[in-house]
Amino acid sequence: MSAVKDAIAKGFNVFHRTLFDVTKGKVGGTGFGMPVLKLTTTGAKSGEKRTVMLTSPIETNGNPVIVASYGGDDRSPAWFHNLKANPSCEVTIHGDTKTMTARIPNAAERDDLWMQLTSKHDNYADYQTKTDRTIPVVVLEG
């Protein structure tokens, strides 16, 4: 079942990224009431550039926050592993592209950010009920 989920997620990502790029974010720039960002990481194993579309449920100090929920899967998404290996990334959000650095908050900050984002977007709280892992939160700084 994981292979099917991964293939569907990859196909949707390609479609969304194409739509986002062609329309310069005018279509596909928001999703579920949240801004959408295009995140380009460096593959942890391959060293190749990898791009994924993600929502940013909240910002902290003007920095977008992303959530490695993978819909409540027991696995973290590949982009999270890539950022842990190489925190430098490229982010396109609100029509701007810039180099940013991913920071994984400590437990106390993560819990505070989690409370903020689940109070606005309860789908993330639902994802947490589907897995035993603590869903990581990442702050993109820069």
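Hi everyone. Let me start with how this chain folds back on itself: among contacts in the protein with a separation of 6 or more, 61% join residues 24 or more positions apart. Please keep in mind that what you see is a predicted model.

Now the overall layout. The protein has 142 residues, and 43% of them count as buried. You can find 4 helices and 8 strands. If you walk along the sequence, they come in the order α-β-β-β-β-β-α-β-β-α-α-β. The accessible surface is about 8,000 Å², with carbon and sulfur atoms making up 55% of it.

Let's go inside. Which residues have the most contacts inside the largest nonpolar core? They are Leu39, Ile66, Trp79 and Leu140, in a core of 16 residues. Two or more residues of this core come from each of β2, β3, α2, β6, β7 and β8. There is also a second, separate core with 11 residues, among them Val65, Leu113, Tyr124 and Val139. As a general background, nonpolar side chains in soluble globular proteins tend to be buried together.

If you'd like one residue to click on, try Leu39. Setting aside neighbours within four places in sequence, Leu39 is in contact with residues including Val52, Leu54, Ile66, Trp79, Leu83, Val91 and Leu140. Its contacts also include Arg50, Thr51, Cys89 and Glu90.

Trp79 takes us to helix α2, which spans residues 78-85. Which residues of α2 are buried? Trp79, Phe80, Asn82 and Leu83 are. They sit on the same side of the helix, because they cover an arc of only 160° around its axis. Turn to the other side of α2 and you meet Ala78 and Ala85, both exposed. And what covers the buried residues? The cover includes strands β2 (34-42), β3 (49-55), β5 (63-67), β6 (88-93), β7 (96-103) and β8 (137-141).

Next, the charged pairs. How many salt bridges does a search of the whole structure find? The search finds 5. Arg103 and Glu109 form one of them, with their closest N and O atoms 2.7 Å apart. Both partners are partly exposed: Glu109 has a relative accessible area of 24%, and Arg103 is at 27%. This pair also belongs to a network of salt bridges that links Arg103, Glu109 and Glu141.

Another salt bridge joins Asp111 and Arg110, where the closest N and O atoms are 3.4 Å apart. Here the partners differ in how they are placed: Arg110 is buried at 10% relative accessible area, whereas Asp111 is partly exposed at 43%. Then there is Lys130 with Asp126, whose closest N and O atoms are 3.8 Å apart. Asp126 is partly exposed, at 38%.

Finally, two spots in the backbone. Asn61 has a positive phi, near 55°, and is not a glycine. You'll find Asn61 in the loop between β4 (58-60) and β5. Is Asn61 buried or exposed? Asn61 is exposed, with a relative accessible area of 76%. The other spot is Tyr70, also not a glycine, with a positive phi of about 50°. Tyr70 lies in the loop that runs between β5 and α2.

That brings us back to α2, with Trp79 among its buried residues. Thanks for listening!

Conventions: Residues are numbered from 1 along each chain as its sequence is written. This is a predicted model: local features need pLDDT of at least 70, side-chain atom pairs count only at pLDDT 80 or more; totals for chains, interfaces and linings use all residues. Side-chain values use heavy atoms; hydrogens and water are left out. Buried means under 20% relative accessible area, exposed over 50%, partly exposed in between (1.4 Å probe, protein chains only). The arc is that of the directions from the helix axis to the C-beta atoms. Contact means heavy atoms within 4.5 Å. Accessible areas come from the Shrake-Rupley method with a 1.4 Å probe; for residues, only the protein chains shown count as cover. A nonpolar core is a set of buried Ala, Val, Leu, Ile, Met, Phe, Trp, Tyr and Cys residues joined through side-chain atoms within 4.5 Å. A salt bridge is a side-chain nitrogen of Lys or Arg within 4 Å of a carboxyl oxygen of Asp or Glu.
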